[in-house]
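Ready for a little hands-on work? Take a look at the sequence and the model below, then try the exercises before reading each solution.

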Amino acid sequence: MIIILKSDITDEQTDHLVQHVESKGLTPHLSQGTFRTIIGVIGDEAKLSADQLRSFPGVQDVVPVLPPYKLASLEAHPQPSVVDVSGVPVGGGHLAMIAGPCAVESAERMDTIAASVKKSGANILRGGAFKPRTSPYSYQGMGLEGLRILRDAGQQHGMPVVTEVTDPRNLDMVVEHTDMLQVGARNMQNFVLLTEIGRTNKPVLLKRGMSATITDLLMSAEYILAQGNQDVILCERGIKSFDNATRNLFDVAAVAAVKQLSHLPIIVDPSHATGRPDLIPACALAGLAAGADGVHIEVHDCPEEAMSDGPQALLPDQYAALAKQMRQLAAVLQPNSPAAPSPTEATQ
Ligand code: PEP
Ligand code: MN
C-alpha cells in the first residue's frame, strides 16, 4: 500500500500516521521527494483500512497495491479455476453451453426444449422457477413444481441444471433440486443471499448487476468465496446504457478485463445482453473470441407462448446453427482445449 502525503503535512501528523501503521504490525518506509513525501507500507495490507488512512490529517490519497477481492483475484490463484457442475467442467478451456427457456412453463415444453438443445450440443440446461420480475403483476414462475420439472428434464436428457434462487428462504429447496445456483443481475448485491449461498456446496452462476462495475462483480463473488464455496462462475449479461436499440449494453471488454483480474471462469449471456435474437449469434461468438468460458442462451420452441422473455428467445433451429458455429470457433481459438471438438466434428 502507498500513502501519499499532502505537501503541508506536519511532522507530528507524519509521526502519528507512522505509529498507526506500526501499531497494525506493518512497516512504513518514508520516501521524501522534492515536492511530496510518500509512505510505502510493507506487510499484510488487509490489516489496514484505506478509508481510515484517508481520514488521517495530512493524507492526500492511499493506493492499495492488492485488489480488494483477495480470493477472487489472480494473485490468489494464478491458474484458471475449473468449476465442476455435476460432471461438466467449466473454465480452463472447458466451455459451458447453457441453454433452455427463460422460465419453466410445463413438463412437456421443458422436455421438448431440453431434447432440442441437448441435440445441438448444450451441456447444461437452464430454466427459471423463481422469476425476479420488474412488475409484481408479471409471471413469477412455477416455484417448487418448476424446480421438479427442470430437474426431471435434466435427468431425462443427461444434463445438469441451473436455476435462479431469488430468496434465501427458498435456498434449501433450490439446492435440493439443482446442480448450479443462479444469482440474477437484480440480486448480485443481495449480500445476505450471497453469504448463504457461500455456505452451500453448489456451484454458482453469478450474473453481473445491470449497474455493477467489474470490481462490484468480483466483490460479490468474494462474498461467496469468503464463506468457503469456491465454485463461482461469473456471467456478463449486459449493463444499462442510454441506448435502447438493445435491451442492455453487451460489455464484451468486461470478459477480457475479468480474465486479467480473476481466476474465476466467466461466461456471456447475449440473450439478456441484447434482447434481440438477430444479435445473439454475433455477440455469443464475440464473447468466445474475448475469452469467455461459455455461453448462456435462452431457447424456446414457441416464443409467442413464452411466459417471460419470449422476444429474445432463439428457436431450437437457430440455437442448433449457433451452437455449431460456437464449436467451430472454440476449435480455432483453443485447438488443444478439452472443450474444442475435433476439426471433423466441428465442421459437421
Ligand atoms: C434470467 O436468466 O432469466 C434472468 C432473469 O437473467 P438476469 O438476471 O441476467 O436478468
Ligand atoms: Mn430471461
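## Exercise 1: the metal site

In sequence, the donor residues of the manganese ion (ligand 2) follow the spacing C-x169-H-x25-E-x10-D. Before starting, note that this is a predicted model, in which local features need pLDDT of at least 70, side-chain atom pairs count only at pLDDT 80 or more, and totals for chains, interfaces and linings use all residues. Residues are numbered from 1 along each chain as its sequence is written, chains are lettered from A and ligands numbered from 1 in the order in which they are written, and side-chain values use heavy atoms, with hydrogens and water left out.

Task: find which residues are the protein donors of the manganese ion (ligand 2), and decide whether histidine 272 is buried or exposed.

Solution.
1. Donors are N, O and S atoms within 2.8 Å of the metal (3.2 Å for Na, K and Ca); water is not among the atoms, so sites may look incomplete.
2. The protein donors are Cys102 (SG), His272 (NE2), Glu298 (OE) and Asp309 (OD), at 2.0 to 2.4 Å from the ion.
3. Buried means under 20% relative accessible area, exposed over 50%, and partly exposed in between (1.4 Å probe, protein chains only).
4. Histidine 272 is buried because its relative accessible area is 8%; glutamate 298, at 1%, is buried too.

## Exercise 2: a strand and its partners

Task: work out which way the side chains of strand β10 (residues 180–183) point, and how many bridges join β10 to strand β11 (residues 204–207).

Solution.
1. Helices (H or I, at least four residues) and strands (E, at least two) are DSSP runs, numbered from the N terminus.
2. Met180 and Gln182 point one way from β10, Leu181 and Val183 the other way, and all are buried.
3. Two strands pair if DSSP finds at least two bridges between them. β10 and β11 run parallel, joined by 3 bridges, and glutamine 182 stands opposite leucine 205 in β11.
4. Strand β9 (residues 161–164) also pairs with β10 in the parallel sense, over 3 bridges; here threonine 163 has leucine 181 as its bridge partner.

## Exercise 3: a far-off residue

Task: say whether glutamine 32 is buried or exposed, and how far apart glutamine 32 and valine 161 are in space.

Solution.
1. Glutamine 32 lies in strand β2 (residues 27–32).
2. Glutamine 32 counts as exposed because its relative accessibility is 67%.
3. C-alpha to C-alpha, glutamine 32 and valine 161 are 59 Å apart in space, and 129 residues apart in sequence.
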